[in-house]
Number of protein chains: 2
Amino acid sequence: MSDTTCHMSISLDGFVAGPHQSREHPLGMRGQELHGWHIGDPRATTADREATAWLMRPRGAYIMGRNMFGPIRGEWDEDWHGWWGAEPPYHAPVFVLTHHTRDPIHLDGGTSFHFITDGFAAAYAAARAAAGDGGVDIAGGASTVRQALAAGVIDELTLDIAPVLLGAGERLFDGIESFDFEPVEVLHSPLTTHIRYRRRA
Amino acid sequence: MSDTTCHMSISLDGFVAGPHQSREHPLGMRGQELHGWHIGDPRATTADREATAWLMRPRGAYIMGRNMFGPIRGEWDEDWHGWWGAEPPYHAPVFVLTHHTRDPIHLDGGTSFHFITDGFAAAYAAARAAAGDGGVDIAGGASTVRQALAAGVIDELTLDIAPVLLGAGERLFDGIESFDFEPVEVLHSPLTTHIRYRRRA
């Protein structure tokens, strides 16, 4: 379907990444504690597997921020092709928000990365055009999701709330003034509570 | 049962009260938006009624902060008997954390307010003694809950997460460094997601 979606793992105190993000710690200090439910924690349950299926369902195109694409700041290092190796899990065009131009990258399995320097609205228009009927996913991180929320384009937002307090890092909702969604489905496990929100009609 | 419990309504961005708490707005600006599920929002569902039954179940004793008891700061105004009128909903001894001494107040229906000036640990010891087998509830607000979390006394914490962003006010978890609970039961409605956490064994 052509909905615009977003799916984020978040700590109980509102952080989607810990402090001190780096090449070695792409999610920041302790940020990986938010993600055990879909990356192999042995305590994961059927609820976590169902939520993983939501997370991994095929989409027509993706938008992500530069910090999610890689740890590089400033001019590009042309050797960097993302965190995901030769065959990233997107299998679709991914539009990366950046201030630095770069030619597109085409990787195995249908994933391509396109670097957009003229802002979120331009990236969203390009993603919609590329997605066709497949729908666009806002992949993250926090800054990109905030831009999508401010633009009012998200139809469905899923939050996986981990029973973890990070205390510092990047807060998902800082500066967002309204939340025009309501919870429509909830799954839970000892690792997390998965809440699927839909935009109010 | 003799568990120590706590049950708080919280915004999706982590606030349990809005800014500018006052006699007219005891929950701060927009704070009442967190509480519709148990105070008469017509959209409340069976899930909300079940969570209300958790919230209102009889307890042996309560602990609350002075700001939850009333809007008065500094020396007591002896006319103030709490927000709840002649018959408060507690029906048990309530221990109020304060820096200002005051004689106990006995109201209808078995509620009494006892003013504790020597800190959370003293209030908790008094509440345990008064509660007998009934168990103690940490009624709020945020500062009192943080003291209870830091003291490690809470066995069961229920959070009602409203699909609301307050953006400012009092954050429940500021300064709390670890969260030794896991979700064991979740109820949801369009108004809120009720998550019952138990302390890890």
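Which residue of chain A forms a salt bridge with Asp174(B)? The points below start from that pair and move on through this predicted model.

1. **The opening pair.** The partner is Arg171(A), and the closest N and O atoms of the two residues are 3.8 Å apart. Asp174(B) sits in the loop between β9 (170-171) and β10 of chain B, while Arg171(A) belongs to strand β9 (residues 170-171) of chain A, so the pair joins two chains. Asp174(B) is partly exposed, at 42% relative accessible area. Arg171(A), at 16%, counts as buried, because the cut-off for buried is under 20%.

2. **The interface as a whole.** If you are meeting this structure for the first time, the border between the chains is a good place to look next. Here 28 residues of chain B are in contact with 28 residues of chain A. Together the chains bury about 2200 Å², with 63% of that area on carbon and sulfur atoms. Of the area that chain B buries against chain A, Leu12(B), Pro163(B) and Leu165(B) supply 26%, more than any other three residues.

3. **Charges and polar pairs across the border.** The rule finds 2 salt bridges across the interface of chain B and chain A. For residue pairs in polar contact between these chains, both at pLDDT 80 or more, the count is 0. On the chain B side, β8 (156-162), β10 (181-188) and β11 (193-199) each supply at least two of the residues that touch chain A. The largest share, 7 residues, comes from β10(B). By type, the residues on this side of chain B divide into 16 nonpolar, 4 polar and 8 charged.

4. **Helix α1 of chain A.** Do the buried residues of this helix line one face or scatter around it? In α1 (residues 46-56), Ala47(A), Asp48(A), Ala51(A), Thr52(A) and Trp54(A) are buried. Seen down the axis of α1(A), they fall within an arc of 155°, so they line one face of the helix. Thr46(A) and Arg49(A), on the other side, are exposed. The buried residues of α1(A) pack against β1 (4-11), β8 (156-162), β10 (181-188) and β11 (193-199) of chain A. At the start of α1(A), a side-chain oxygen of Thr45(A) comes to within 3.2 Å of the backbone nitrogen of Ala47(A).

5. **A residue facing that helix.** Thr158(A) is part of strand β8 of chain A, and with 3% relative accessibility it counts as buried. Setting aside neighbours within four places in sequence, Thr158(A) is in contact with Cys6(A), His7(A), Met8(A), Trp54(A), Ile195(A) and Arg196(A).

6. **Helix α4 of chain B.** The buried residues in α4 (residues 142-151) are Ala142(B), Thr144(B), Val145(B), Arg146(B), Ala148(B) and Leu149(B). Just after α4(B), Gly152(B) takes a positive phi of about 70°.

7. **Salt bridges within the chains.** Over all chains the count is 24 salt bridges. In one of them, the side chains of Arg43(A) and Asp41(A) meet at 2.9 Å, N to O; Arg43(A) is partly exposed, with a relative accessible area of 47%. In chain B, the side chains of Arg196(B) and Glu185(B) meet at 2.6 Å, N to O. This pair links distant parts of the chain, with Arg196(B) in strand β11 and Glu185(B) in strand β10, 11 residues apart. Arg196(B) counts as buried at 18% relative accessibility, whereas Glu185(B) counts as partly exposed at 22%. In chain A, salt bridges that share partners join Asp3(A), Arg57(A), Glu156(A), Glu185(A), Arg196(A) and Arg198(A) into one network.

Definitions and conventions:
Residues numbered from 1 in each chain as written. Chains lettered and ligands numbered in written order. Heavy atoms only, no water. Contact = heavy atoms within 4.5 Å. Buried area = accessible area lost by both parts, 1.4 Å probe. Salt bridge = Lys/Arg side-chain N within 4 Å of Asp/Glu carboxyl O. Polar contact = N/O pair within 3.5 Å; in protein donor to acceptor, adjacent residues only side chain to side chain. Helix = DSSP H or I, 4+ residues; strand = E, 2+ residues; numbered from the N terminus. Nonpolar A, V, L, I, M, F, W, Y, C, P; charged D, E, K, R; others polar. Buried < 20%, exposed > 50% of the residue type's maximum accessible area, 1.4 Å probe, protein only. Arc of directions from axis to C-beta.
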